[in-house]
Structure formats: structure tokens, C-alpha cells
Amino acid sequence: MNNSATILHADLDAFYASVEQLLDPSLRGKPIAVGGGVVLAASYEARAFGVSGGMPGRLARELCPQLIFVDGHFKEYQRLGDAAIGVLDDFTPLVERISIDEAFADVAGCTHLFGSPAEIATTIRCRVRNELGLPISIGVARTKHLAKIASQVAKPDGLVVVDPGTELAFLHDLPVELMWGVGPVTRARLAGSGIHTIGQLAHVPGWSLEKLLGRAASDKLSALAWNRDPRAIRTHQRSHSAGAQSALGRKPAQASVYRPALVHLADRVASRLRASARPGRTLTVKVRFADLRSVTRSVTLDAPISATAMLAEIAWELVRGVLADHPQERFISLLAISMSHLERCWDLQLELPLGLGDERRRPGSRRGAARWSADRAIDKIRDRYGWEAVGYGSVALGPSRSVPDAFRELAEKEL
């Protein structure tokens, strides 16, 4: 790890909502939400009422009757996000973009040109505000994890620099939910054991934390709680998985609801896998019920796949298994699928028809090859005429989607 605080984490504040307020000045200072059926993003004024991303629009309106819903300007999100990250590129080549609106940067090698890390961060914030009209918060620290936490503490529109001599004093008073990897479920589990701050977590004996969270999670969080994070900036990091999810609101746990949604998700994931020639072996599904409790299931295949129909069929079987194991759950609020253990594969290897039990899941079988040919034909049509030019019938006949595909594409990383 660095001996000085030279890692920056820059995060545009309430990015999508801030862009909408930039494009329409009459919305400034008002509670707004991007979306409709589902809140895609909320301004800080809306967040004050408890409105948050992923929330059903109906509930958001109940929490904030004066909430203004606006349609998203997705091309503007991409343009302004690229421009903001481009400001970091003007100071250092060591920039690791982790989403459309946030990135890490290591400025250790450019302080002789542009000043101290704090001065560089101040300049970046001024440029983003003056050139793009957007607020951005930056955290500066010795490690990536601490820099990200510092940027969260700095919000909205602030700058926090954590000197090496004050790291643990700064870190240990903060709530555990600011840590990387602590979501609502982990936070609730820690709170049930009286662990609310990062300092309390740091002093939990390893065996006790392992019993509570499992070995992998306990080892990771314990190290981060003591600011042990050796990860360096990775400028050309590629994703090791591809996923997509669909917020359904509150829908009956019926095949007529979840099957078209799964086909659409499989289509989004599989088309990305084919475009990058990176089929995957492990398919994971997540089902979130009406009470926000989630269950996941996964299967690892003998051969990597990237055919839409195969992904959809396997995902359907996994979801059916989840619902069969939870017959008391009558409603679902979210579905997600992801493909991991990606491989580099440019050609389809045909197989002999040996009558194997899993032949329908093998991409080189006669059925698999036919599906591959159909998918490639659809890919070519979409490349020329756009995504909406052609699709799968079960998706077209299914329920309308509350989250636009353009919004999903903004979150898709390069494979």
C-alpha cells in the first residue's frame, strides 16, 4: 500500500437527477425522480423524504406527494459521465472507472506537476462544476476502500482527505453500512449482534465474525475495518461476469409473469456474451420476494453457453425451484440473472449426437447449433437496425418493462 494519501475516489452526486436539473433549471431545488413505475434515481431533495432508487413509483409518491417524475435523457448521462471522468484523465493515466459516474485515480506520479492530492482533487471538483455544471464529491486516502468511504462522507458536493496518521480514528466511528460489501442483509445481521460501527466490527474476534458471516466475508470485512486494502488501480479491468436484473414492483409469482421477464434478461446477458465471444459456465438467478428477502440459486455447466434460449430455460428451471422451496411466497419484486466463469471462445465446437442427458444444454449439439444460428441472425439484424427491430416472441407478448433498456445499458461493463 502507498505510504501517503494519493488515491482519489470521485463520485458524481445524485448523477441522473443532477443531470435532469441541469437540463431543466426549473427543477433545481425540487424533489425529482427519474423513471415512472420504478424510481431509477432520486435527487437529494427527494431522498430527504425517503425516496430511493429501485423503489416502486407508487410508494415514492406516497412518501413525497410533491415528487416530480421525469423521463431519462440517457445519451446525456453517457456524454456527461464520460466528460467528468475525462477530467481525471487530464491529471493521471491511472484511472479506474467503476461505473458511469464514479472512478478511482492514483495521482502519486503527478504531484510535481499539479500539486498535492488535495489540490488536485480541488481542481477536479472546480473543473467539473465550471465546465459541466455538475456537483462531484471526492475522497482522498491511502487505500481504495478508504477513499471510497471518504467520498461518501463528503457528499453532497464535498471533499474529504484522510491523512495516514488519522485513518483508524476516522474509519472506526463510521457506520458499518459505508463499508464495501455491507448491504442491507449483512448490516441487519451485524446489527443483530450489536455491531453498528466499523470500529465495533474491527474488534470482533475472527471466529465470532466468521460464525456470523462466513469465512470469506468475515476475512474481507475484518481486513477492511483495519484499512488493510492492497488493491492497486487497474486501468484496463474487464468484467468477470455479466448480469441483468428487472424490478417488477409487486407481481404474482406466476409463470406468466416471471417467464417473459427471464427471457428478456437472458436476451440482454446472452447478447453481451456473444458480442464479446465470452460464453459462461455458471448461471445464477436471484429472486426477491415482496418483503425484500432474496434467494439465489446457481448451476455450473459442463460447457460454456451464450445462447439466449438456453440461458432462459436454465434460469426458468432455477426460479421454479426457488418458488417450489418457498410455496408461502405469493409475490415477487425482482428477478436477476448473471453468468460467470466466462471463457474466451470464438468458434462453436460441434458435437456428435451421443444421446447425452444434458444434450439440450450443450452448445455444440444439433439443437444448440440451431439456437446459436438463430441468435447470430438476431444479433446481425439488431446491429444494423437497432435493438427493437427484432426480438423473442415471449418478450414481446410479456408485460411492459418499467426500467428502460437504455438505463440498463449504462451500467453494463465491458466483458
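User: Is His-9 buried or exposed?
Analyst: In this predicted model, His-9 counts as buried because its relative accessibility is 0%, and the residue sits in strand S1, which covers residues 7-12.

User: What does the side chain of His-9 contact?
Analyst: The side chain of His-9 is joined to that of Glu-102 by a polar contact of 2.7 Å, and Glu-102 also meets Lys-148 in a salt bridge, with 3.0 Å from N to O. Since Glu-102 belongs to strand S6 (residues 102-106) and Lys-148 to helix H7 (residues 144-154), this pair ties together parts that are 46 residues apart in sequence.

User: Are Glu-102 and Lys-148 buried or exposed?
Analyst: Glu-102 is buried, at a relative accessible area of 13%, and Lys-148 is buried as well, at 16%.

User: How many salt bridges does the structure hold?
Analyst: There are 22 salt bridges, one of them between Arg-274 and Asp-375, whose closest N and O atoms are 3.4 Å apart. Arg-274 is in helix H13 (residues 255-275) and Asp-375 in helix H15 (residues 366-385), so the pair ties together parts that lie 101 residues apart in sequence. Arg-274 counts as buried at 5% relative accessibility, Asp-375 is buried at 2%, and these two are linked with Arg-376 and Asp-379 in a network of salt bridges.

User: Switching to helix H4, which residues are buried there, and why do they line one face?
Analyst: The buried residues of H4 are Phe-74, Tyr-77, Leu-80, Gly-81, Ala-84, Ile-85, Val-87 and Leu-88. Viewed down the helix axis, the buried residues of H4 fall within an arc of 140 degrees, and therefore they line one face of the helix.

Conventions. Residues are numbered from 1 along each chain as its sequence is written. This is a predicted model: local features need pLDDT of at least 70, side-chain atom pairs count only at pLDDT 80 or more; totals for chains, interfaces and linings use all residues. Side-chain values use heavy atoms; hydrogens and water are left out. Buried means under 20% relative accessible area, exposed over 50%, partly exposed in between (1.4 Å probe, protein chains only). Helices (H or I, at least four residues) and strands (E, at least two) are DSSP runs, numbered from the N terminus. The arc is that of the directions from the helix axis to the C-beta atoms. A polar contact is a pair of N or O atoms within 3.5 Å; within protein, one must be able to donate a hydrogen and the other to accept it, and residues adjacent in sequence count only if both atoms are side-chain atoms. A salt bridge is a side-chain nitrogen of Lys or Arg within 4 Å of a carboxyl oxygen of Asp or Glu.
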